Amino acid sequence: MEVSYEYSTCWRLMVLKMRSQISSFRESKTDDRRFYIVSPTKTLHLRTYSSIDRVAWIQALILATKEISINRGVSFMQNDVLISTEKLRDRMQAEGLDETVIKDCEQIMRIEFAEYHKQLKLRYEEHLTSIGTFHQQLEEVDVEDAATREGQLQLPKYDYSSSGREKFNEYSTTESSDDVEKQELDELSDEEEVSFFDTNECFGDPIVTCAAEVTSSNVSNRISGFNTNHCDAKIMDVELQPDYPNMLLHIPRRKKLPEPIEKEKGVSLWSMIKDNVGKDLTRVCLPVFFNEPLSSLQKCFEDLEYSDLLDQAYEYGKKGNSLMRILNVAAFAVSGYSSCDGRPCKPFNPLLGETYEADYPDKGIRFFAEKVSHHPMLIACHCEGRGWKFWGDSNLKSKFWGQSIQVDPVGVLTLEFDDGEIFQWSKVTTTIYNLILGKVYCNHHGTMNIRGNQQYSCKLKFKEQSLLDRNPRQVQGLVEDAKGTKVATLVGKWDDSMCCSFGDEVLKSKSSFLTENSTLLWARNKPPPDPTRYNLTSFAITLNEITSDLKGKLPPTDSRLRPDQRYLENGEYEKANSEKLRLERRQRMSRKLQENGWKPRWFRRDSEDGTFRYIGGYWEAREQMEWDDCMDIFGEF
């Protein structure tokens with residue numbers, strides 16, 4: 001018999017009705033997304049979206065079953081339970097108190113305990129009544145509209161399209177036909193070495209480390225409602241897909257970098273670059289001492305740390321507030337510079353064809369980047385969020401002028417919301433000072449024009465810092481409508497926060513000082529307690545981590561697999577230097593590869609001189625682990 005339900009409403013009742021009968025649940029040995037729920041009458045084969053989700057489901061089931069176990073185990077005192085006053089009597093007699101006083105105290109104690117017992121019993125009866133009402137509601141769930149056919153169970157499956165928009169396709173799963181799975185099922189009753197998640201054994205133990213912070217209540221929101229009376233099959237094979245992007249799955253990420261294995265030796269910067277004054281520093285070979293354990297591809301994703309501003313912008317636009325939308329977009333454009341504060345080291349230059357992926361379901365974003373050209377060096381990126389897409393390519397032109405380095409970004413960044421509104425802007429110039437003497441610091445300066453295709457546009461001025469400037473790192477901006485009328489101002493600092501003002505405050509705002517009526521748009525997150533000498537933000541510390549859900553699934557081109565970068569992160573500096581030299585020798589062949597017709601795998605230009613655009617297919621290939629056409633760029637040439 002086949003039952004068709006909405007995914008997000010089909011599983012809650014089934015699990016709630018079965019959990020009082022669950023004897024154990026276990027993981028599959030052959031599929032890291034599959035697990036089994038065993039009860040006296042049914043064995044459910046369940047497959048989650050990822051191995052992380054599987055751990056979350058098992059933990060939620062442990063919590064849910066524990067709740068039932070606790071409810072079952074509650075035993076209530078009978079009315080004839082005696083309260084002993086023997087110890088009280090002995091203590092009072094030792095104090096020499098009169099027998100009449102002792103009896104009065106005993107009577108007072110018995111009366112108080114009787115009242116407490118009465119109140120406790122009432123609470124217990126109310127609890128039993130609520131449980132009975134809840135189970136009665138479960139039995140009365142209306143499933144009359146469900147389509148019924150034998151042998152199958154249909155659920156909607158989430159499909160990630162290249163555009164990032166939700167598409168649902170119906171698919172059917174039947175009783176397991178996989179020989180390995182049948183064998184595992186046969187082994188459920190007689191296999192001794194399998195790791196069972198037994199309810200009686202697990203409840204007293206600390207819960208294993210989970211890749212998601214899950215309770216039985218929030219998982220219930222993901223599996224709401226199924227009546228097991230409509231299922232005749234004893235074995236059901238079900239695909240459990242998360243409700244992305246509204247999924248609240250949180251992947252625990254590291255809080256600090258690994259402790260260095262070796263003691264780092266300092267290197268004189270002047271001795272390395274004194275012969276390169278006026279040259280393009282992207283062609284200068286420097287030791288890893290001057291690098292941070294991130295690549296330029298990962299730095300691109302770091303600009304999306306405050307992607308929640310784009311989520312807010314999308315929501316404002318849906319409500320018809322286009323002004324607040326562009327203000328949040330402007331705050332997002334500024335926020336990407338905040339991570340540069342106090343970062344003395346440069347990221348690794350990626351190899352030709354190097355890629356980086358970032359899937360942050362808790363933030364609702366998926367990011368992908370690839371180095372698409374070696375000369376000129378071009379990096380293309382694409383990100384999809386809740387109601388928006390962001391893409392662009394960038395080329396950094398840098399010059400060394402003795403005591404400073406000037407970096408000029410070349411390229412256009414594009415943000416498109418699902419309702420069709422588009423914003424485009426380019427980054428401003430960055431200058432790094434005091435390379436030879438003094439404390440190294442950077443400043444961003446220039447004008448950023450955020451152009452919209454509808455009602456509003458914005459101009460942001462990053463003030464160039466002077467020696468006598470008492471209020472450095474200032475950013476000031478104006479929002480204009482299609483007629484050129486000023487409707488809002490922005491004020492703040494690129495390393496701290498951004499605020500906006502409306503109405504009469506627009507005319508008064510001629511400086512970087514906030515007014516009483518200013519509205520806070522963005523504020524920088526607090527730094528980590530242990531930023532190390534690289535001074536990475538809490539977000540940046542997570543970018544090069546290979547979490548449990550990534551192991552064995554990344555393509556051979558991913559930045560996390562780059563050996564010199566990994567050695568540097570681990571504090572193995574000698575190995576990092578030797579690997580960096582080896583990879584740079586190999587990289588010198590990149591120009592020949594391009595001349596011989598090499599093309600990027602995941603991006604194409606939208607016109608002859610246009611921006612590189614993501615052509616799709618990466619996440620689908622990742623799901624199938626199809627990396628045959630990806631070069632092993634970090635191996636031997």
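This passage describes the fold, charged pairs, nonpolar cores, aromatic groups and cysteines of a predicted model.

The chain holds 17 helices and 27 strands. Of its 637 residues, 49% are buried. Long-range contacts were also counted. Among contacts between residues at least 6 apart in sequence, 64% join residues at least 24 apart.

Helix α10 spans residues 308-318. Its buried residues are Leu309, Leu310, Asp311, Ala313, Tyr314 and Gly317. The cover over these buried positions includes helix α11 and three strands, β15 (388-400), β17 and β25. Just after α10, Gly320 adopts a positive phi of about 90°.

Salt bridges number 26 in the model. One of them joins Glu421 to Arg325, with the closest N and O atoms 2.9 Å apart. This pair links distant parts of the chain, its members lying 96 residues apart. Glu421 sits in the loop between β17 (413-417) and β18 (422-425), whereas Arg325 belongs to helix α11 (residues 322-335). Both Glu421 and Arg325 are buried. Arg325 has an aromatic partner as well. It lies over the face of Phe417, at 4.0 Å from the ring centre. A second charge-over-ring arrangement involves Lys427 and Tyr337. The charged end of Lys427 sits over the Tyr337 ring, 5.4 Å from its centre.

Another salt bridge pairs Asp341 with Arg524, the closest N and O atoms being 3.2 Å apart. Here 183 residues separate the two partners in the chain. Asp341 is in the loop between α11 and β11 (346-348). Arg524 is in the loop between β25 (519-523) and α13 (538-541). Arg524 counts as partly exposed because its relative accessibility is 28%, between the 20% and 50% cut-offs.

The side chains of Arg366 and Asp359 also meet in a salt bridge, at 3.4 Å from N to O. The two partners fall in separate burial classes. Arg366 has a relative accessible area of 8%, so it is buried. Asp359, at 21%, is partly exposed; the limit for a buried residue is under 20%.

Some charged residues form a network rather than a single pair. Glu292, Lys299, Glu302 and Arg343 are linked in this way by salt bridges. Glu292 is located in strand β10 (residues 291-295). It is buried, because its relative accessible area is 1%. Beyond residues up to four places away in sequence, Glu292 touches Lys299 and Arg343. Its other contacts in that set are Cys345, Lys346, Pro347, Phe348, Tyr534, Leu536 and Leu568.

The largest nonpolar core contains 69 residues. Within this core, the residues with the most contacts are Phe301, Phe367, Phe390, Trp425, Ile450 and Leu460. Helix α11 supplies the largest share of the core, 10 residues. Phe367 has contacts with several parts of the sequence. Leaving out neighbours within four places, its contacts include Leu297, Cys300, Phe301 and Leu304. Tyr356, Glu357 and Ala358 are also in contact with Phe367, as are Cys381, His382, Cys383 and Trp619. Apart from the largest core lies another one, of 13 residues. Among its members are Phe368, Ala380, Ala621 and Trp627.

Aromatic pairs number 21. In one of them, the rings of Tyr618 and Trp619 have centres 5.2 Å apart and planes at 85°, so the pair is edge-to-face. Both Tyr618 and Trp619 are buried. These two residues are also part of an aromatic cluster, together with Phe368, Trp602, Phe603, Tyr614 and Trp627. Phe368 and Trp627 thus appear in two groupings: the aromatic cluster and the 13-residue core.

The model has zero disulfides. Cys442 is in no disulfide, and the nearest cysteine sulfur, that of Cys340, is 5.3 Å away. A disulfide would need the sulfur atoms within 2.5 Å. Cys442 has a relative accessible area of 11%, so it is buried. Cys345, one of the residues touched by Glu292, is buried too, with a relative accessible area of 10%.

Technical notes:
Residues are numbered from 1 along each chain as its sequence is written. This is a predicted model: local features need pLDDT of at least 70, side-chain atom pairs count only at pLDDT 80 or more; totals for chains, interfaces and linings use all residues. Side-chain values use heavy atoms; hydrogens and water are left out. A salt bridge is a side-chain nitrogen of Lys or Arg within 4 Å of a carboxyl oxygen of Asp or Glu. Helices (H or I, at least four residues) and strands (E, at least two) are DSSP runs, numbered from the N terminus. Buried means under 20% relative accessible area, exposed over 50%, partly exposed in between (1.4 Å probe, protein chains only). A nonpolar core is a set of buried Ala, Val, Leu, Ile, Met, Phe, Trp, Tyr and Cys residues joined through side-chain atoms within 4.5 Å. Contact means heavy atoms within 4.5 Å. Rings of Phe, Tyr and Trp (its six-membered ring) pair if their centres lie within 6.5 Å; planes under 30 degrees apart count as stacked, over 60 as edge-to-face and the rest as tilted. A charge sits over a ring if NZ of Lys or CZ of Arg is within 6 Å of the ring centre and within 35 degrees of the ring normal.
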